[in-house]
Amino acid sequence: LTTDESYSRGLSYNETLAEAQARDALGWNVALATETTSDGYEAEFVVTDATGAPIDGATIVGRFVRPTHEGFDFNVDFRQVGAGRYLAQFEPPLAGQWELRFEIDQAGDLYRAAERVSLT
């Protein structure tokens, strides 16, 4: 396998490693659950620090990316609904496998990651 963009791909890989190290240094625990509702779907994050204390006052934005079909990606905004709990309600354009790419920002501390989600 060869590429004409090895240098830029290498820089991107280094950025990905740096993000993972920064995320791990925070010590946060992030749990995602999705559920079918009468109006579509809900996605809920529970975010706690290394001691298990809830992380409140964060801003969470996400983007559902369809790995097998272009043109169906969509954004979701989460709102805090309890101690360390953040909820988004949405209706996806298609059922199936999605990747939820998300960013949690709490007072300038950033946690970026992605989770594979099955919406049936």
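This passage describes the fold elements, aromatic pairs, charged side chains and two buried residues of a predicted model.

The protein contains 1 helix and 7 strands. Read from the N terminus, these elements follow the order α-β-β-β-β-β-β-β. The protein has 120 residues, of which 27% count as buried. When contacts between residues at least 6 apart in sequence are considered, 52% of them join residues at least 24 apart.

Aromatic side chains were examined next. A search of the whole structure gives 10 aromatic pairs. One of these pairs is formed by Tyr41 and Phe90, whose rings are stacked, with a centre-to-centre distance of 5.9 Å and 15° between the planes. This pair links distant parts of the chain, since Tyr41 belongs to strand β2 (residues 40–48) and Phe90 to strand β5 (residues 85–90), 49 residues apart. Both Tyr41 and Phe90 are buried. A stacked aromatic pair is also formed by Phe64 and Phe74, with 5.0 Å between the ring centres and 15° between the planes. Here strand β3 supplies Phe64 and strand β4 supplies Phe74, and the two residues are 10 apart in the chain. Phe64 is buried, as is Phe74. In addition, Trp28, Phe45, Phe78, Phe102 and Tyr111 make up one aromatic cluster.

Gly40 lies in strand β2, the strand that also holds Tyr41. With a relative accessible area of 11%, Gly40 falls under the 20% limit and is therefore buried. Gly40 and Phe90 are 50 residues apart along the chain, and their C-alpha atoms are separated by 6.0 Å. When residues up to four places away in sequence are not counted, Gly40 touches Glu35 and Phe90. Phe90 thus appears both as a contact of Gly40 and as the ring partner of Tyr41.

Charged side chains were then considered. Across the whole structure, 4 salt bridges are found. One of them joins Glu44 and Arg85, with the closest N and O atoms 2.7 Å apart. Glu44 is in strand β2 and Arg85 in strand β5, so this salt bridge ties together parts of the chain 41 residues apart in sequence. Strands β2 and β5 are also the two strands linked by the pair of Tyr41 and Phe90. Arg85 has a relative accessible area of 36% and is partly exposed.

Another salt bridge is made by the side chains of Arg63 and Asp73, at 4.0 Å from N to O. Because Arg63 is in strand β3 and Asp73 is in the loop between β3 and β4, the pair ties together parts that are 10 residues apart in sequence. Arg63 is partly exposed at 34% relative accessibility, and Asp73 is partly exposed at 29%. A further salt bridge is formed by the side chains of Arg112 and Glu103, with an N to O distance of 2.6 Å. The relative accessible area of Arg112 is 32%, which places this residue among the partly exposed ones. Glu103 is likewise partly exposed, at 25% relative accessibility.

Arg66 has no salt bridge although it is buried. This residue lies in the loop between β3 (59–65) and β4 (74–82), the loop in which Asp73 is also found. Asp73 is the nearest side chain of opposite charge to Arg66, at a distance of 7.6 Å. A salt bridge requires a nitrogen and a carboxyl oxygen within 4 Å, so the separation of 7.6 Å leaves Arg66 and Asp73 without one. Asp73 nevertheless has a salt bridge with Arg63.

The surroundings of Arg66 include other groups. Its side chain reaches the backbone oxygen of Ala95 at 2.6 Å. Arg66 also lies over the face of Trp98, at 5.4 Å from the ring centre. With residues up to four places away in sequence left out, Arg66 touches Phe72, Asp73, Leu94, Ala95, Gly96, Gln97 and Trp98. Asp73 is therefore in contact with Arg66, heavy atoms within 4.5 Å being enough for a contact.

Notes. Residues are numbered from 1 along each chain as its sequence is written. This is a predicted model: local features need pLDDT of at least 70, side-chain atom pairs count only at pLDDT 80 or more; totals for chains, interfaces and linings use all residues. Side-chain values use heavy atoms; hydrogens and water are left out. Helices (H or I, at least four residues) and strands (E, at least two) are DSSP runs, numbered from the N terminus. Buried means under 20% relative accessible area, exposed over 50%, partly exposed in between (1.4 Å probe, protein chains only). Lys and Arg count as positive and Asp and Glu as negative; His and the chain ends are not counted. A polar contact is a pair of N or O atoms within 3.5 Å; within protein, one must be able to donate a hydrogen and the other to accept it, and residues adjacent in sequence count only if both atoms are side-chain atoms. Rings of Phe, Tyr and Trp (its six-membered ring) pair if their centres lie within 6.5 Å; planes under 30 degrees apart count as stacked, over 60 as edge-to-face and the rest as tilted. A charge sits over a ring if NZ of Lys or CZ of Arg is within 6 Å of the ring centre and within 35 degrees of the ring normal.
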